[in-house]
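Got the model open in your viewer? Let's take a walk through it, one selection at a time.

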Amino acid sequence: MTQGILIKNAYVIDPLSGIRGEIMDIAIRDGRIVEDALPGSEVIDAGGCLTLPGGIDSHSHVCGTKVNFGRYMSPEDMRAGRTSRKGVMHVTSGYSVPTTFGNSYRYSTMGYTTVLEGAMAPLEARHTHEEFTATPHQDMLANTLFDGNWSVMEAVREKDVKRAAAIVAWTLAAVKGFAIKLTNPGGTEAWGWGKDVSHIHDPVPYFEVTPAEIISTMIQANEILRLPHSVHLHCNNLGVPGNFRTTLETMDLAPPAGGDRQTLYLTHVQFHSYGGTTWRDISSKSEEIARSLNSKPQVVIDMGQIMFGRTTTMTADGPMEFKLYMLHHNKWSNHDVELETGSGIIPVYYSRKSLVNCVMWAIGLELALLAKNPWQCLLSTDNPNGAPFVKYPEIIALLMSRRMRENEREEIDPRTEHYVPLFALDRELDWYDIAVMTRAGQAKAMGITRIGKGHLSPGAQADVAIYPLKPDNLDPSVDYQQVMAGFSRTLYTIKRGRVVARDGDVVVEGANSTIWTRSRVPPEYDMGSDPEFTRKFDQYYTVRLRNYPVQDVYLPRGVCIETEAAL
Amino acid sequence: MRIEDVVCPFCGCLCDDLVVSVEGTKVLSVENGCTLATEKFTGDHRLAHPIRRTGGAWEKTTYDDAIRETAEILLDAERPLLYGWSGTFVEAQTLGVHMAELLGAVIDNTSTVCHGPSIMAIQEVGHPGCTLGQVKNRADVIVYWGANPIEAHPRHMSRYTTFTDGFFVKSAFRERKVIVVDIRETDSSEIADEFVKVTPGGDYAVLTALRMIVRGKGDLVPATVSGVTREQLFRVAEICLSARFGAIFFGLGLTMSRGKSKNIRNAIELTEELNRHTKFTISPMRGHWNVYGSNEVFTWITGYPYAVDFSRGIAFYNPGETTSVDLLRRKECDACLVVASDPGAHFPRACAEHLASIPTVQIDPHVNATTHLSRIQIPVAVTGIDAEGTAYRMDGVPIRTRKLFSTGYPDDVAVLGRVYSLVKEAKG
């Protein structure tokens, strides 16, 4: 352990601290940002380079059952990206679904220090946590799936919000999850019968509750439990032409925010912003979605940008993956999880020669360019669904340079411009916008600024990324290649006060934390001793209640955010 | 002392509802378990201490010496093979993979002689599956193909399928139809509503005929297919098509008979086609209690579920080339570490002979056929009895096995960890 680090001459953008590009020094000690460096600290001269809080991904699929199945079924993808052992770095494999160390090294060399796994089935949580441990350079959090949870749906049917909240509290504590995730709410249960729901008021078979009721109840439950994040929602009808109506109706369900964060987080909204009625007349409805977003400070979205090339789609949305398989006829995996959720995987290729793919590509960018407030539209590809996260630098460059977008226009299906407004948008995002959309916004939306994430003020966690980019000497509008290269590889990535990556190489073994939440509830709301809940559990699950909770041993460095439930 | 909700470390069912009575380090009784489970918990044939072959005889050795010599053997080898892993826990499997990487070794698990071809089929066409509870709560049609669960997975039917009531299947016995496909009558076929007797090696054709019927091309199906009448094929297809939720489980009778991975591919494609009409899933009947865990661990660290060769510096996978049987048959390996499995009992004779001719070290609690091929054997604690750790059920559900009591034995992680440290030290 060194005495600490002093970063000198850093060009700092720290949106949460109101710093919009100042040359300053940053002192680090004992894993935290401090006012003054200790004498004898290691000095890093940033030389005026862009220095940001460590990157945070608020929606990425990197660990757990379906991710690993994506690897398992895809030796062709494993072959497409492999590196040998180098220094402390393990062998890695994979392009769109890299091995855990592959993910961790690539994120780290891009300056990312925190990643939220987008979907964890509670029954298989132990698997996610095992892979978290093998992703050592990022602090990890797990969205926990409740979209087809039988106990929750029964509580929704009984209009018993408090019981729904109690079930969430018990489950998050049991599986060491971070937040409530709903993936195609109701649809994953319907998929247990090979069916789906078609709009937010379409009742779920047998349970007779609607997606809208599930969403609204869970938003209330989330606020009762005072969880750091809001409900994290993958809307119904993903990928269906005309689905923008479902998305708009869903956004209308979000109640006004009480505190300073959103009440509803919509993920990969690109996939939910389609007009038209079939694949033949699909069009962009980004303007409608952005208009709604701009009028609703209580909603935050992430882009779900697609980028051209090969990738693997994977989601808890089982019925959607089957529909996609019916289009692609490649290979298809499905994995329903009893009483909880589903999942599916298929490989895809997004082509510049496919009009549909070009429209999708444009929509993601449009959402970011049309959202007035960068805090409300975060950068993501729904890794790896839209593209592997290694494409983030290219997306940043596209958002910062109209010229780059115009160049790309020459390469794609020429009909695209008739279906999308992208090429009429002059806006070019600036460094500050990008800093918000890749770390500060995520930290705020996930409610983890309180544990020192996403900012660089004294007391914050010393997660810092220094990029070989000098904003004073660069015009991103023109020098977009440099922007892309710069965001691909940090000069230094510092995590918890330690240099973990330099110039594209990871230099230490790494030891991450897993962040989870526990809401304290009164004893009468403890589901672990609720007769009805425990009876049904032992009757219908195939794992005993006592063997279900994830033991502490799976979180060697667990960080628990505790809240007091308003029950 | 009675310990409840004990996890059984025998087969891929990974039943977690056993009640085990223990006194000191002795298991007195096992409730809820099948005969296999009872035997596993109460059996007492452990090797007492590490042994080493000198000349033609075994001599007692210490853990320190056995571990040191194991590391030396591995470091001295040009083409070491680390084989087995299905009978130990995830934490030990993880160490194995990291050690293989450092040694530039081949690491392989028992899938290589088991569901390896199923994995190859999945890599071609994917795998529409589900957790076992989804079957328990919903399935009204169950198909066992080339599997005899009553003998090989004795509680599969009573915990997950045929005999257990589920949420949407209130009376399992009345509401579930069972189809068994096999080349001979078995205990499982006796309780089937429909027993489809296929001539040996004829599964692929039968699957194809069923696919044709499901696709509306049934008029092209001949009068008999591999010994199965056209009438029965239509009847089976109709049962599947009118299911609300159907689940196919297949065993080595399909995976390892003529056609191998192509049989499984055909079965998966039948499942996929049935999904255009109703809900269907398909799942392999995995054997060892944690063979699926070894596939999972290998995959998240290396990208491949088995047969991973690190000799080129990267992870390389090519079944048929990097699989243990093929490596040993070619006499390529010059040292082998066997962990938690018994290749001596399951590999072809030529492979066993080669294992006997090279320095083979076995880490295993029991004396088995591999002992006779080995130079050193290091006994360890039995996971699920005197050691604990993660296991993955045949459907991918991870469960932490329990430790019922402590014995003097180190567990697999303790022994492998020491070997790994020595290897690390030597490799700088």
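Start by selecting strands S8 (residues 139–145) and S9 (residues 179–183) of chain A: three bridges join the two, and they run parallel. Here strands (E, at least two residues) and helices (H or I, at least four) are DSSP runs, numbered from the N terminus, and two strands pair if DSSP finds at least two bridges between them. Within this pair, look for Asn143(A), whose bridge partner in S9(A) is Ala179(A).

Before moving on, a word on what you're viewing: this is a predicted model, where local features need pLDDT of at least 70 and side-chain atom pairs count only at pLDDT 80 or more, while totals for chains, interfaces and linings use all residues. Residues are numbered from 1 along each chain as its sequence is written, and chains are lettered from A and ligands numbered from 1 in the order in which they are written.

Stay on S8(A). Is it buried or exposed? Seven of its seven residues are buried, so S8(A) is largely enclosed by the rest of the structure. (Buried means 20 or more other C-beta atoms within 10 Å of the residue's own, exposed means 12 or fewer, and partly exposed is in between; C-beta atoms are placed from the backbone.) Show the side chains: Asp139(A), Leu141(A), Asn143(A) and Leu145(A) point one way, while Met140(A), Ala142(A) and Thr144(A) point the other.

Now add strand S7 (residues 112–120) of chain A, which pairs with S8(A) in the parallel sense over five bridges. Met120(A) has Thr144(A) in S8(A) as its bridge partner. Follow the chain from S7(A) through helix H4 (residues 125–133) of chain A to S8(A), and you trace a right-handed β-α-β crossover (with the strands pointing away from you, the path from the first strand over the helix to the second runs clockwise). Strand S23 (residues 514–520) of chain A also runs parallel to S8(A), joined by two bridges; Met140(A) stands opposite Thr514(A) there.

Next, select helices H13 (residues 392–400) and H16 (residues 480–488) of chain A. They pack at an angle of about 145°, with their axes 8 Å apart. (Axes are lines fitted to C-alpha atoms, for helices over the stretch in contact, and angles run from 0 to 180 degrees between N-to-C directions.) Where do they meet? Among the residues in contact (C-beta atoms, placed from the backbone, within 7 Å) are Tyr392(A) and Met400(A) in H13(A), and Tyr480(A) and Phe487(A) in H16(A).

For a stop involving both chains, pick the open four-stranded sheet with the order S15(A)-S17(A)-S16(A)-S8(B) and mixed pairing. S15 (309–315) of chain A and S8 (128–130) of chain B are at the edges, each with a single partner strand, so one side of each has no neighbour in the sheet. In the antiparallel pair of S16 (residues 333–336) and S17 (residues 344–350) of chain A, held by two bridges, Asn334(A) stands opposite Gly344(A).

Finish in chain B with an open sheet of five strands, ordered S11-S10-S9-S14-S15, with parallel pairing. Its edge strands are S11 (194–197) and S15 (279–284). Zoom in on S9 (residues 141–145) and S14 (residues 245–250) of chain B, paired over five bridges: Trp145(B) has Phe250(B) as its bridge partner. Add H13(B), which packs on this sheet, touching S9, S14 and S15 of chain B.

Note on methods:
Contact = placed C-beta atoms within 7 Å.
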